[in-house]
2 protein chains.
Amino acid sequence: MNATIKRESSQRLSRLQQAIRELQADACLISTSVNQFYLLGFIFDGYIFVQPDGDPVLFVKRPSGITGDHVSYIRKPEQLPDFLRQRKLALPGRVMVERDALPYSAVARLQTALGMPELMDASGEMRRIRSVKSEYELEQMRECANIHAAVYQQIPHIYRDGMTDIEFQIELEREMRLAGSSGIFRTFGENMDIFMGSILTGDNAQSASPFDFALGGQGLSPLLPIGANGTKLIPGTTLMVDMAGNYRPWMSDMTRTFAIGTVPDIAHKAHQVSIDICKAIAATGQSGASCADIYLLAEEMARKNGLAGCFMGTKQQAKFVGHGVGLEINEPPVLAPRSKEILETGMAIAVEPKFVLPGIGAVGIENSYIVRENGLEKITCCEEKMVALS
Amino acid sequence: MNATIKRESSQRLSRLQQAIRELQADACLISTSVNQFYLLGFIFDGYIFVQPDGDPVLFVKRPSGITGDHVSYIRKPEQLPDFLRQRKLALPGRVMVERDALPYSAVARLQTALGMPELMDASGEMRRIRSVKSEYELEQMRECANIHAAVYQQIPHIYRDGMTDIEFQIELEREMRLAGSSGIFRTFGENMDIFMGSILTGDNAQSASPFDFALGGQGLSPLLPIGANGTKLIPGTTLMVDMAGNYRPWMSDMTRTFAIGTVPDIAHKAHQVSIDICKAIAATGQSGASCADIYLLAEEMARKNGLAGCFMGTKQQAKFVGHGVGLEINEPPVLAPRSKEILETGMAIAVEPKFVLPGIGAVGIENSYIVRENGLEKITCCEEKMVALS
């Protein structure tokens, strides 16, 4: 394992162990791939058993071939007590588990296997810990954002007259994959299904979706009602591109809007308001800023410009203007009216003030930023104006 | 809603209501997208409340715009008791929930909201119900398999000398998307992460993976250790293609193997054993056949041909030779040595006897079949011999 990963891993583990001690838990069990990767730099089917102090123990079901004194192979969770006993470790009475991510039946089985300890939450703690990034992680995000920007620069070359939104998306997906996109769009939560990102044109941007993204779209199938729906890209409408920035495990999030031919003035005006909101947030959002205040600033600017009715949608309006980003596309904090969260140095956030204009489509931008002591550092550096495609 | 979907929906609901009555449950709450789509033909963020008799009630959080007497909009599960009371419906004492798919915290919150009813399992019941398909569903699978086969026929045209496995995969992904692939690879369970399918060449086929698929592969990232890893496609090795058949909500599963230039005789021999195993299973697998017996037949044929050591992997060997397929790629039944399941008319299964040959790569085929009274109907009709790429 390379020295950087080892050092990172050790620092992350320390932060989790501090949380375990503060919560007076006896142990924490980690089995989701995102959190395993965060703590170890690799993933497996099984559990990382973390105690308040000392090295973690790995209880591995698969793959074969993981070696070390701290590794035990198991077939099922019911073997955990025996293996803990062999290692002279006490059965924990209070255990943190990833209860927001693991299925009910998996947690219930684990609890029974461990002799019914008190269950505590590991999901929220891990998300809180992951929300403040190390310099290594932030550098990964900058690298990712640079590739993200280079891929978006291909967009004018991909566009062809008469294309549908999905035909455009397929060619962009190919560029993304060639640039190293993992394909997988890592999200948190139950209602976040999407494939590689969202392309919205015309009135499809008004379609309400069951998912918890900023905007919707009808999609191509009733089983995946989000994004492109086969609409032709026609002059006078806009094309909003919000595709995944998954070129590194730590991701970037970026939206740009394009004009198909000439679009009405209102589209340019609303788009500029989005740019202005991002600028205003970048100037005031800094370590210590309130996430609710940031949302309210955006909402107020939308209202003053007469755009409240189309801010973050029309028929269905998302009640946030941004969110943390990292190993998952939606991490803490959330920039929402009732958020109690405060920006901290080292957080990474995506800000996405968007407007949906009936008869035209969605406009606006999204940038990813790193929270610094004295402001936000923009990492998604790519033309923000509405570029015309023809 | 079209008449076919309405009739299908009503039949599926009846089968669930029969299960609710047999289990003496008071109600069943369905909130995963696959099961919502199965019961209604569309999905939403919220709950389908199904009672032993009568029409279901939809408690919807999102999207806006779902109308009807049977629809109530809610903000959170804590409102369910009030809304049930308004509809003069009793609070259920025994409730079936999708406990294998919903997060622990979501189920726990729901249980508290409903006054702590006894929780019963809906996940397994729904998977059992879905495993026997209607003629409409089977026709969807045949259509899907035909497109799947047409896409695989492009493979010799996609191949170029000097390509890596991932470069090949990216071009194939594009063909899949142009042919209508939804992109999303729907799986069941905690350890089934994958992007659009698996491409394996050379010794990457030996890499053990944490996931519960037939074969592994190192992948391109430690966060997604499965499939292609950037290996060059070189003469004398094989290329195994097992990409998603997701051209309809009801899917097909199919693997074909290609020879890069000329491959050693053992590769052709082992590949032919895979074809022979599929033929033997197709001849004996029929309604009433034991899934364990089918596995044992495959394993015995592998052993007799001296291929036991490379059957379903080398360092890590999968302990199944096939599985049901439908809205998810891994449905009941499973063709495994200790399976107690019996084939039923209308089930759809994928059979994938595969061999991994060190220094060469993976060989073998996978077909999808429909279970009939007197045998298996093959739906993945596409050249099975190892076609050479050059």
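What share of the 390 residues in chain A is buried? Notes on that and a few other things follow.

1. Burial and confidence. Buried residues account for 51% of chain A's 390 residues. Keep in mind that this is a predicted model. On the confidence side, chain A has an average pLDDT of 97, and 100% of its residues score at least 70. For the complex, the predictor reports an ipTM of 0.97 and a pTM of 0.97. As a general caution, where pLDDT is low, predicted coordinates should not be read in detail.

2. Overall fold of chain A. You'll find 10 helices and 17 strands in chain A. Its radius of gyration comes out at 23 Å, close to the 21 Å from the globule rule for 390 residues, so chain A is as compact as a globular protein of that length. The C-alpha trace of chain A spans about 70 × 40 × 40 Å along its principal axes. As for how the chain folds back on itself, take the contacts in chain A with a separation of 6 or more: 65% of them come from residues 24 or more positions apart.

3. Symmetry. A turn of 180° with a shift of 0.0 Å along the axis lays chain B on chain A, and the RMSD is 0.0 Å. That is the relation of a two-fold axis. Both copies use the same surface, with 100% of chain B's contact residues recurring in chain A.

4. The interface. Chain B puts 46 residues into the contact, and chain A puts in 46 residues. On the side of chain B that touches chain A, α2 (33–40), α4 (104–113) and α8 (165–178) of chain B each supply at least two residues. The most comes from α8(B), with 5 residues. Sorted by class, that side of chain B has 24 nonpolar, 12 polar and 10 charged residues.

5. Helix α4(B). Which residues of α4(B) are buried? They are Tyr104(B), Ser105(B), Ala106(B), Val107(B) and Leu110(B). What do they pack against? Across the interface there is α4 (104–113) of chain A, and from chain B itself there are β1 (27–30) and β5 (94–97). After α4(B) comes Gly115(B), which has a positive phi, near 75°.

6. Helices α1(B) and α2(B). Two packed helices are described by the angle between their axes and the distance between the axes. Here, α1 (residues 3–22) of chain B packs on α2(B) at an angle of about 115°, and the axes are 7 Å apart. From α1(B), the residues involved are Ser9(B), Arg12(B), Leu13(B) and Leu16(B), and they meet Tyr38(B), Leu39(B) and Leu40(B) of α2(B). By class, this contact has 5 nonpolar, 1 polar and 1 charged residues. Recall that α2 (33–40) of chain B is also among the helices that supply at least two residues to the side touching chain A.

7. Ser9 in chain A. Ser9(A) sits in helix α1 (residues 3–22) of chain A. Is Ser9(A) partly exposed or buried? Ser9(A) is partly exposed, because it has 18 other C-beta atoms within 10 Å, and a residue needs 20 or more to be buried. Leaving out residues up to four places away in sequence, Ser9(A) touches Leu39(A), Leu40(A) and Gly41(A). If you want a longer reference distance, Ser9(A) and Met141(A) are 132 residues apart in sequence and 17 Å apart in space, C-alpha to C-alpha.

Conventions:
Residues numbered from 1 in each chain as written. Chains lettered and ligands numbered in written order. Predicted model: local features only at pLDDT ≥ 70, side-chain atom pairs only at ≥ 80, totals over all residues. Least-squares fit on C-alpha atoms with pLDDT ≥ 70 in both. Contact = placed C-beta atoms within 7 Å. pLDDT = per-residue confidence, 0-100. Helix = DSSP H or I, 4+ residues; strand = E, 2+ residues; numbered from the N terminus. Nonpolar A, V, L, I, M, F, W, Y, C, P; charged D, E, K, R; others polar. Buried ≥ 20, exposed ≤ 12 C-beta atoms within 10 Å, placed from the backbone. Rg over C-alpha atoms; globule rule 2.2 N^0.38 Å. Axes fitted to C-alpha atoms, helices over the stretch in contact; angles between N-to-C directions.
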